[in-house]
Amino acid sequence: MQKKDILSCSLLIGALFIPTCAFGYGEDGSIPEEARAIHLLTNEARCNTKEALANCGSMCSEKLSCHKESMPPLYWDTGLYHAAQFYSVLLSEAKCMQHDTPCTLVSTLGQDFPDKCNGSASCACKEGKATCKSKGTSTWDRIKMFAKNASGENLASAIGALGTFNLWLLEDGKGDGCEFTMNNGHRMNILNSSHRAVGIGYYGSISTQDFAGSSAEKSPISAGSHYKDQKTLWFKLHYYAQTAIDKAVVSVNGNCTDLEKTRGTPTNSVWGTSGIETPADCTPYFFEVKDANGTISRYPTEGSLLFHCDKSWSDQTLASCLDITEPPEDKTEPPEDKTEPPEDKTEPPEDKTEPPEDKTEPPEDKTEPPEDKTEPGDNTEPPEDKTEPPEDKTEPPEDKTEPPKDTDPADDDKTKPTTDTPKPTNKPDSEDDPNANDDDEDESGSSDSNCSANPLSAPSPLTFGFIGLAFGLLLRLRRRNIRHF
């Protein structure tokens, strides 16, 4: 933009005054992102004036020795910000560019802005309107409505943060000395080492920068923002502390990117990156640094800045990029408990009760197991039953039948057969011959051929013996089968 399209003016108020409050890391969504960027660019120039004025050339008529090589940053002040933002709104709507207010302001303006009065002349001016080049409320009385007092003011009409700042810093001084003049006043305000606080307003194309001489804020990160340098998008922060910075990062929507030192010294420097792709509108981001002692600081303290949004801050807090170390191990031993429990000397009562004596003897088992005379390999036979059957001492009835008289053989055919009862034998089983014939001999030694032929003949005692022996054998075989079932 050509200079003829840009208007600017500056004012230095001789006294240095104390602002109402120090910058609290900008947890205020109403601050325009252009104002945040101008704040960052101002502190970037103050940390190394030689590099800041390298491109000034002949327009910086005063010598570099007129400015300190490095100076403390300017901390944000909420009262100065309200004063600057109100005046940018008033001048933009009135289409004026002057330090003296183009109307007489209402006395309650400091309390009414921005909630009850948005900065327009209809509510801010007693006349209800603003008239350019008229002298209404003075500059310092106007600022005093919002902050205690001020020590300087810059005004500009330009588009964007970087264009506005370069208009102030690289203006044509048209002089040789180090004095403050209306030609070099903007640069002299920015590089005035006596200034300590600032508030910046931006509305339409009007930028207002109000300064004060002291600040209670001592945060390590004095400013942080994004801005575009032609086609390059920058994310930068300014660091100022007694301990050198060890690491700096920016978290854009949770993605952490390391920052590199672009200007200044280890304790007064600017850190930034141009390697981040342009994020979507309203993307949250924040800055974080860790010093050589391991102390971590972030900007803003709470919440996040927003990229290209209708507000510049939200209460959304992203996760830390640097605070990922585990807590130190607690090696503290608990105090030893040397308290001894009281000794229990109580003896339990002695139990002298004797159990009754059990004198009951179990009955003696005199049963002898049967002798197992089974031959090896044959496990199916039961033990031999040696029980002898009772001796049959029954005497057969005496046979008093007289033998028939000898008759003629011719008479035999006429004689009816007679029943011949054999004489029983009473031999014990041990004398029985198993091979003996079943037929017994009579006293005469002849065979009784009529025994088996006569079905009505009575069985002999020997028959009973064989029957008993067979029954015993059958019983033994049955026991053998029962054992294996």
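This talk covers three places in the structure: a helix, a histidine and a hairpin. Keep in mind that the model is predicted.

I start with helix H3, residues 78–94. Helix H3 has 17 residues and spans 24 Å from first C-alpha to last, close to the 24 Å expected at 1.5 Å a residue. Most of helix H3 is covered, with 12 of the 17 residues buried. Among them are the aromatic side chains Tyr 81, Phe 86 and Tyr 87, along with Gly 79, Gln 85 and Ser 88. Now the two ends. At the start of H3, a side-chain oxygen of Asp 77 comes to within 3.0 Å of the backbone nitrogen of Gly 79, and Gly 79 is itself one of the buried residues. Just after the helix, Lys 95 has a positive phi of about 55°.

Next, His 186, which sits in helix H8, residues 185–190. Is His 186 buried or exposed? The relative accessibility of His 186 is 1%, so this residue counts as buried, the cut-off being under 20%. What does the side chain of His 186 reach? One partner is the backbone oxygen of Leu 155, at 3.5 Å. Another is the side chain of Glu 171, in a polar contact at 2.8 Å.

Last, the hairpin. Strand E12, residues 283–291, pairs with strand E13, residues 296–299, in the antiparallel sense, over 4 bridges. Within that pairing, Glu 288 has Arg 298 of E13 as bridge partner. There are 4 residues between the two strands, and in this hairpin Gly 294 takes a positive phi near 90°.

That is the end of the tour.

How values were computed: Residues are numbered from 1 along each chain as its sequence is written. This is a predicted model: local features need pLDDT of at least 70, side-chain atom pairs count only at pLDDT 80 or more; totals for chains, interfaces and linings use all residues. Side-chain values use heavy atoms; hydrogens and water are left out. The expected span of a helix is 1.5 Å times one less than its number of residues. Buried means under 20% relative accessible area, exposed over 50%, partly exposed in between (1.4 Å probe, protein chains only). A polar contact is a pair of N or O atoms within 3.5 Å; within protein, one must be able to donate a hydrogen and the other to accept it, and residues adjacent in sequence count only if both atoms are side-chain atoms. Two strands pair if DSSP finds at least two bridges between them.
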